[in-house]
Amino acid sequence: MLDQIHLLAAVTVLGVLEQAYFFLQVIYARRRFGISPPNISGPPEFERIFRAQVNSSEYFPIFVALLWQAGLFFHQGLAAALGLLYLYSRYCYFMGYRASSSER
């Protein structure tokens, strides 16, 4: 059974690590701009980082559910490849969203 899900598990772990990276970026931004939790408003730079992290975490459960369903019921390799593509695009989205609109 493990040989049938190892790629899905690897992509899931990478997704969790990516989410942790996004959470850490918010923590660093809070420290840099002096914004204590539970406040979510502050300089535009902080708000963009916070919003990008929230947007990413909102879609993470959907991503994991679709990844595993596609991998178990269709094809593990294709699902894992598409999962990696999604994680890369989510990273690009995060980096683009945190930049000011004039720099995008």
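The following exercises, with worked solutions, concern a predicted model.

**Exercise 1.** Find which residues the UniProt annotation "transmembrane region" covers, and describe the geometry of each span.

Solution.
1. The annotation comes from an unreviewed UniProt entry and covers residues 7–28 and 59–88.
2. Residues 7–28 are 100% helix and 0% strand, and the end C-alpha atoms of this span lie 32 Å apart.
3. Residues 59–88 are 93% helix and 0% strand, with 14 Å between the end C-alpha atoms.

**Exercise 2.** Determine which residues make up the largest nonpolar core and which elements give two or more residues to this core.

Solution.
1. The core has 10 residues: F22, V26, A29, I35, F46, I49, F50, A52, V54 and F94.
2. Two or more residues come from helix 1 (6–33) and likewise from helix 2 (44–73).
3. Helix 2 supplies the largest share, five residues.
4. A second, separate core has eight residues, among them L8, V11, A79 and A80.

**Exercise 3.** List the contacts of F46 and R30, leaving aside residues up to four places away in sequence, and decide whether R30 has a salt bridge.

Solution.
1. F46 is in contact with V26, A29, R30, F33, I35, I40 and S41.
2. R30, placed in helix 1, touches I35, S36, P37, N39, I40, F46 and F50.
3. R30 is buried, and the nearest side chain of opposite charge, E47, is 10 Å away.
4. A salt bridge requires a side-chain nitrogen of Lys or Arg within 4 Å of a carboxyl oxygen of Asp or Glu.
5. R30 has no salt bridge.

Note on methods:
Residues are numbered from 1 along each chain as its sequence is written. This is a predicted model: local features need pLDDT of at least 70, side-chain atom pairs count only at pLDDT 80 or more; totals for chains, interfaces and linings use all residues. Side-chain values use heavy atoms; hydrogens and water are left out. UniProt positions are given in the numbering used here, feature names are shortened, and annotations may be inferred rather than shown by experiment. Helices (H or I, at least four residues) and strands (E, at least two) are DSSP runs, numbered from the N terminus. A nonpolar core is a set of buried Ala, Val, Leu, Ile, Met, Phe, Trp, Tyr and Cys residues joined through side-chain atoms within 4.5 Å. Buried means under 20% relative accessible area, exposed over 50%, partly exposed in between (1.4 Å probe, protein chains only). Contact means heavy atoms within 4.5 Å. Lys and Arg count as positive and Asp and Glu as negative; His and the chain ends are not counted.
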